[in-house]
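User: Hi! Could you walk me through some aromatic packing here?

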Amino acid sequence: MKTTRIELKDSGVLFNKERHEYWLGNRQLSGITGMLQRQLFPDEFDNVPEGMLQEAARYGTEVHESIEAFDSSWINDGTQEVSDYIELCQENNLVHERSEYTVTDGGELGKQHRQGLQKLG
């Protein structure tokens, strides 16, 4: 089976890493992770101590940054997570195409959702 690469298009969405915000022009967009958390799993972390949540977030950020460094610059920081990632890619013939690829509907879905809520209200 032949693999064909597709051209990824720039969505125009900008991500502010420090504030963890997505912007398209002058409109702030919602990220999919937060939306899924609010809509499908609103009580998932209710009984988890705040300190544990903060430690998990710190760990997740470190793993994310380690793998991103490997994908973008071939920097292997020697962590088990990067080693596991390399093994996973090799075993499944995965090739890194692009990281942090942001997609958007241009705000139309959010606009339609808000209009639907206004009609209900």
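User: Happy to dive in: is Phe70 buried or exposed?
Analyst: This is a predicted model, where local features need pLDDT of at least 70, side-chain atom pairs count only at pLDDT 80 or more, and totals for chains, interfaces and linings use all residues. Residues are numbered from 1 along each chain as its sequence is written, and side-chain values use heavy atoms, with hydrogens and water left out. Buried means under 20% relative accessible area, exposed over 50% and partly exposed in between, with a 1.4 Å probe and protein chains only. Phe70 has a relative accessible area of 12%, so Phe70 is buried.

User: Nice. How do the rings of Phe70 and Tyr85 pair?
Analyst: Rings of Phe, Tyr and Trp (its six-membered ring) pair if their centres lie within 6.5 Å; planes under 30 degrees apart count as stacked, over 60 as edge-to-face and the rest as tilted. For Phe70 and Tyr85, the centres are 6.3 Å apart and the planes at 85°, so the pair is edge-to-face.

User: Which helices does that pair link?
Analyst: Helices are DSSP runs (H or I, at least four residues), and strands (E) at least two, numbered from the N terminus. Phe70 and Tyr85 lie 15 residues apart, and their pair links distant parts of the chain: helix H2 and helix H3.

User: Is Trp74 buried or exposed?
Analyst: Trp74 follows H2 and has a positive phi, near 60°. With a relative accessible area of 68%, Trp74 is exposed.

User: And which residues form one aromatic cluster?
Analyst: Both Phe70 and Tyr85 are buried. The one aromatic cluster is formed by Phe70, Trp74 and Tyr85.
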